[in-house]
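Welcome, and please load the model in your viewer. We will go from stop to stop, with something to select at each one.

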Amino acid sequence: GVLVMCEVHKRFDPIYTDARDRIQNLGNFSYINAYMSQPKKQLETFRAWAGKSSDISYYLNAHHIDFHEWCVQGQSRPVSV
């Protein structure tokens with residue numbers, strides 16, 4: 001009986017919204033590859049906020065999976081993550 005929820009604020013990020021709008025004109029797609037890159041200084045800032053053993057991918061990957069789902073508007077579903 002545990003409820004788990006991911007807050008999907010990237011849907012309101014102008015860069016993600018613009019990407020989603022552009023994707024709608026590309027036709028059907030079934031694959032997404034998310035690559036994350038950041039300056040080392042930013043990594044240290046994130047680590048101070050999230051904890052020593054955390055990695056920014058734990059934070060962002062959930063958003064990228066949601067972004068894919070948002071882009072395909074329920075026309076597909078993840079088969080593996």
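## The whole chain

Start with the cartoon view: the chain has three helices and zero strands. Following the sequence, you read the pattern α-α-α. Please keep in mind that this is a predicted model.

Now colour by relative accessibility. Of the 81 residues in the chain, 20% count as buried. If you have a contact map at hand, look away from its diagonal: among contacts with a separation of 6 or more, 71% are between residues 24 or more positions apart.

## Stop one: helix H1

Select residues 14–23, which make up helix H1. Which residues of H1 are buried? They are Tyr16, Arg20 and Ile23. These buried residues lie on the same side of H1, because they cover an arc of only 60° around the axis. Turn to the other side of H1 and you will find Pro14, Ile15 and Arg22, which are exposed. A general rule helps when you look down a helix: an α-helix has 3.6 residues a turn, so residues three or four places apart point the same way.

Next, add aspartate 13 to the selection and show its side chain. Aspartate 13 caps the N-terminal end of H1. To see the cap, draw a distance from its side-chain oxygen to the backbone nitrogen of isoleucine 15, where the value is 3.0 Å.

Before leaving H1, click on alanine 19, which is also found in this helix. Alanine 19 counts as partly exposed, because its relative accessibility is 27%. Now pick the C-alpha atoms of alanine 19 and cysteine 71: they are 8.9 Å apart, although 52 residues separate the two along the chain.

## Stop two: the nonpolar core

Select Tyr16, Ile23, Phe67, Trp70 and Cys71, and show them as spheres. These five residues form the largest nonpolar core. The elements giving two or more residues to this core are H1 and helix H3 (56–72). H3 gives the most, with three residues. The general background is that in soluble globular proteins, nonpolar side chains tend to be buried together.

## Stop three: the aromatic cluster

Switch from spheres to sticks and keep the rings in view. How many aromatic pairs does a search of the whole structure find? There are two. The rings of tyrosine 16 and phenylalanine 67 form an edge-to-face pair, with 5.4 Å from centre to centre and 85° between the planes. Tyrosine 16 lies in helix H1 and phenylalanine 67 in helix H3, so this pair ties together parts that are 51 residues apart in sequence. Both tyrosine 16 and phenylalanine 67 are buried.

Move along to phenylalanine 67 and tryptophan 70. Their ring centres are 6.2 Å apart and their planes are at 65°, so this pair is edge-to-face as well. Phenylalanine 67 and tryptophan 70 are separated by about one helical turn, because they are three residues apart in helix H3. Is tryptophan 70 buried or exposed? Tryptophan 70 is buried, since its relative accessible area is 16%, and phenylalanine 67 counts as buried at 10% relative accessibility. Taken as a group, Tyr16, Phe67 and Trp70 are linked into a cluster by ring pairs.

Now bring arginine 20 back into view. Arginine 20 lies over the face of tryptophan 70, at 4.8 Å from the ring centre.

Then expand the selection around tyrosine 16. Not counting residues up to four places away in sequence, tyrosine 16 touches Lys10, His64, Phe67 and Trp70.

## Stop four: helix H3 and its partners

Select histidine 63, which lies in helix H3. Histidine 63 is buried, with a relative accessible area of 4%. What is histidine 63 in contact with, leaving aside its neighbours within four places in sequence? Its contacts are Glu7, Val8, His9 and Lys10.

For a last selection, go to aspartate 66, which is also found in helix H3. Aspartate 66 counts as buried, because its relative accessibility is 15%. With neighbours within four places in sequence left aside, aspartate 66 is in contact with Val8 and Arg11. Show Val8 together with histidine 63 and aspartate 66 to finish: Val8 is among the contacts of histidine 63 and is also in contact with aspartate 66.

Key. Residues are numbered from 1 along each chain as its sequence is written. This is a predicted model: local features need pLDDT of at least 70, side-chain atom pairs count only at pLDDT 80 or more; totals for chains, interfaces and linings use all residues. Side-chain values use heavy atoms; hydrogens and water are left out. Buried means under 20% relative accessible area, exposed over 50%, partly exposed in between (1.4 Å probe, protein chains only). Helices (H or I, at least four residues) and strands (E, at least two) are DSSP runs, numbered from the N terminus. The arc is that of the directions from the helix axis to the C-beta atoms. A polar contact is a pair of N or O atoms within 3.5 Å; within protein, one must be able to donate a hydrogen and the other to accept it, and residues adjacent in sequence count only if both atoms are side-chain atoms. A nonpolar core is a set of buried Ala, Val, Leu, Ile, Met, Phe, Trp, Tyr and Cys residues joined through side-chain atoms within 4.5 Å. Contact means heavy atoms within 4.5 Å. Rings of Phe, Tyr and Trp (its six-membered ring) pair if their centres lie within 6.5 Å; planes under 30 degrees apart count as stacked, over 60 as edge-to-face and the rest as tilted. A charge sits over a ring if NZ of Lys or CZ of Arg is within 6 Å of the ring centre and within 35 degrees of the ring normal.
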